[in-house]
Amino acid sequence: MFYLHAMFQHYIQLSSFTTFGIHAKAKLFAEIHNHDQLLAIWKSSEYNSTNNKLILGGGSNMLFTKDFEGLVLRNKITGISFEDESEQSVIVTAGSGENWHELVLKCVENKLGGIENLSLIPGTVGASPVQNIGAYGVELKDTFVSLEAFDFETGQIVHFNNEECEFGYRDSIFKNKAKGRYFISSVNFRLKKPGFHKLNMSYGAINQVLQEMEISMPTIRDISNTIVSIRSSKLPNPKVIGNAGSFFKNPEVDESFCQLLLNDNPLMPTYSTQIAGFRKIAAGWLIEQCGWKGKSLGNAAVHKNQALVLTNPGNATGEEIKHLAEEIQKSVFEKFGVNLETEVNII
Ligand code: FAD
Ligand code: EPU
């Protein structure tokens with residue numbers, strides 16, 4: 001039995017709950033620790049009289065442009081367990097409110113391989129399937145087995161396997177037809193035991209840093225440390241300067257259009273994609289070519305080392321960041337004919 005009145009809080013400031021650190025209040029707010037609490041909320045008059053709700057993890061992929069006139073559910077579901085699956089692998093189950101990087105470190109400590117390339121990505125475990133987090137040649141979907149979620153339409157607990165999540169580049173069913181319907185409560189991963197895991201060093205900078213550190217036989221821990229070092233040199237630490245990582249996705253364009261762009265811009269970085277007949281273009285490069293790198297507009301800024309990262313150096317409003325993003329989209333479209341899609345959730 002929960003005391004619902006004690007559970008709900010009113011007009012809560014969200015700035016310290018997002019990595020942009022932008023001021024916005026939630027009209028109604030509750031922290032979620034388990035399924036029973038979700039069910040109690042789902043049955044409550046407060047929930048049923050609100051037509052707007054939002055799940056908040058670590059707030060590292062979210063931009064508030066105004067106060068939220070609804071219910072914000074902040075995820076605090078914890079717990080990590082390891083289950084021996086076979087000689088080769090272990091199933092790791094993590095509560096969705098666990099910090100993603102802490103989970104990675106725990107797996108690295110236990111010499112379990114598969115998510116070390118995803119070191120230092122901010123946020124919670126529960127948000128990791130939402131955009132199929134990815135970095136340095138690895139995506140969440142590569143080790144993801146299944147998840148458990150609370151269904152706001154039926155009040156039931158449901159499960160999704162890998163295929164049912166419809167993962168794509170920074171994409172899943174939870175950003176499309178299932179958007180807002182489920183509260184992901186735990187996630188299962190299959191990780192490999194020592195001797196059965198093949199390290200992924202396909203991303204050029206990894207080998208370069210390993211060579212600089214004179215490491216010829218890297219371990220899972222070495223890869224994790226290398227990724228932490230690369231990321232720390234490129235991306236602003238949200239504790240120091242407000243940001244949400246890449247603000248835009250790298251655009252995936254038709255191969256023939258990509259070739260036309262390459263004819264005029266031979267140095268433009270491009271990559272293969274999971275979609276046949278398409279290539280991915282580095283959005284950071286496009287934005288830098290438009291002259292935005294290190295520039296400010298009002299109180300919003302473009303990071304000096306990574307043009308794909310928009311920042312709040314101090315007093316930016318969500319509207320200012322959004323305005324800067326729109327100006328960048330306009331410039332990139334005018335110069336290259338390419339549409340940049342936002343990765344960050346704009347609320
Ligand atoms: P939030 O920002 O709180 O939420 C994101 C979305 O998921 C929202 O739509 C929210 O409603 C939904 N959501 C959150 N929790 C749940 C849940 N339990 N159930 C259902 N829906 C939920 N991302 C990458 O992929 N790769 C990177 O390399 C990377 N680097 C980053 C670097 C920096 C410095 C920063 C600030 C961000 C970076 N990101 C990166 C983006 C971000 O860290 C990820 O998207 C992360 O998974 C967001 O987690 P979160 O808990 O903060 O989610
Ligand atoms: N580049 C520029 N100018 C810039 C930034 C980048 O020319 O200002 C060029 C780089 O020189 C490089 C290319 O663009 O040739 C790619 O840059 P980088 O390796 O830094 O990666 P990214 O494409 O900008 C993506 C992800 C990151 C992820 C890294 C590493 C997206 C939208 N972003 O960034 O994810 O950490 O690769 O795998 O896919 C995030 O999603 O929030 C995020 C940080």
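Q: In which sense do E15 and strand E16 (residues 278-281) pair?
A: This is a predicted model, in which local features need pLDDT of at least 70, side-chain atom pairs pLDDT 80 or more, and totals for chains, interfaces and linings use all residues, while side-chain values use heavy atoms, without hydrogens or water. Residues count from 1 along each chain as its sequence is written, and chains are lettered from A and ligands numbered from 1 in the order written. Strands pair when DSSP finds at least two bridges between them. E15 and E16 share three bridges, and their sense is antiparallel.

Q: Which residue in E16 is the bridge partner of Ser-272?
A: Let's look at one pair of residues. Ser-272 belongs to strand E15 (270-272). Its bridge partner in E16 is Arg-279.

Q: Which are the edge strands of the sheet with the order E14-E16-E15?
A: This open sheet has three strands, with antiparallel pairing. Its edge strands each pair on one side only, and they are strand E14 (252-254) and strand E15 (270-272).

Q: What is the order of the strands in the open sheet of four?
A: Strands here are DSSP runs of at least two residues (helices, H or I, need at least four), numbered from the N terminus. The pairing in this sheet is mixed, and the order is E1-E2-E5-E3.

Q: Why is one side of E1 and of E3 left without a neighbour in the sheet?
A: Have a look at the two ends of the order E1-E2-E5-E3. Strand E1 (9-13) and E3 stand there, at the edges, so one side of each has no neighbour, because each has a single partner strand.

Q: Which residue in E5 stands opposite Leu-54?
A: E3 and strand E5 (residues 68-75) pair in the parallel sense. Four bridges join E3 and E5. Opposite Leu-54, in E5, stands Val-72.

Q: Which five residues come nearest to ligand 1?
A: A residue is near a molecule if one of its heavy atoms lies within 4 Å of it. Around ligand 1 there are 33 residues. The nearest are Ile-55, Gly-57, Ser-60, Thr-124 and Arg-231.

Q: How much of the exposed area of ligand 1 does the protein bury?
A: Start with the polar contacts, which are pairs of N or O atoms within 3.5 Å. Backbone N or O atoms of Gly-58 and Gly-59 lie 2.7 Å and 2.9 Å from an oxygen atom of ligand 1, while a polar side-chain atom of Arg-231 lies 2.7 Å from a nitrogen atom of the ligand. Taken alone, ligand 1 exposes 980 Å² (Shrake-Rupley method, 1.4 Å probe). The part buried by the protein is 93%.

Q: Which strands each supply at least two residues of the shell around ligand 1?
A: You have already met one of them, since E3 also pairs with E5. The strands are E3 (53-56), E8 (134-135), E12 (182-192) and E13 (242-246).

Q: How much of the exposed area of ligand 2 does the protein bury?
A: Ligand 2 has 23 residues around it, with Tyr-136, Tyr-169, Tyr-203, Glu-288 and Gln-306 coming nearest. An oxygen atom of ligand 2 lies 2.8 Å from a polar side-chain atom of Tyr-169, 3.1 Å is the distance for Lys-234, also with a polar side-chain atom, and a backbone N or O atom of Ser-246 lies 2.9 Å from an oxygen atom of the ligand. Taken alone, ligand 2 exposes 830 Å². The part buried by the protein is 81%.

Q: Which element gives the most to the shell around ligand 2?
A: Helix H6 (220-234), E13 and helix H8 (283-289) each supply at least two residues. With three residues, the one that gives the most is H8.

Definitions and conventions: A polar contact is a pair of N or O atoms within 3.5 Å; within protein, one must be able to donate a hydrogen and the other to accept it, and residues adjacent in sequence count only if both atoms are side-chain atoms.
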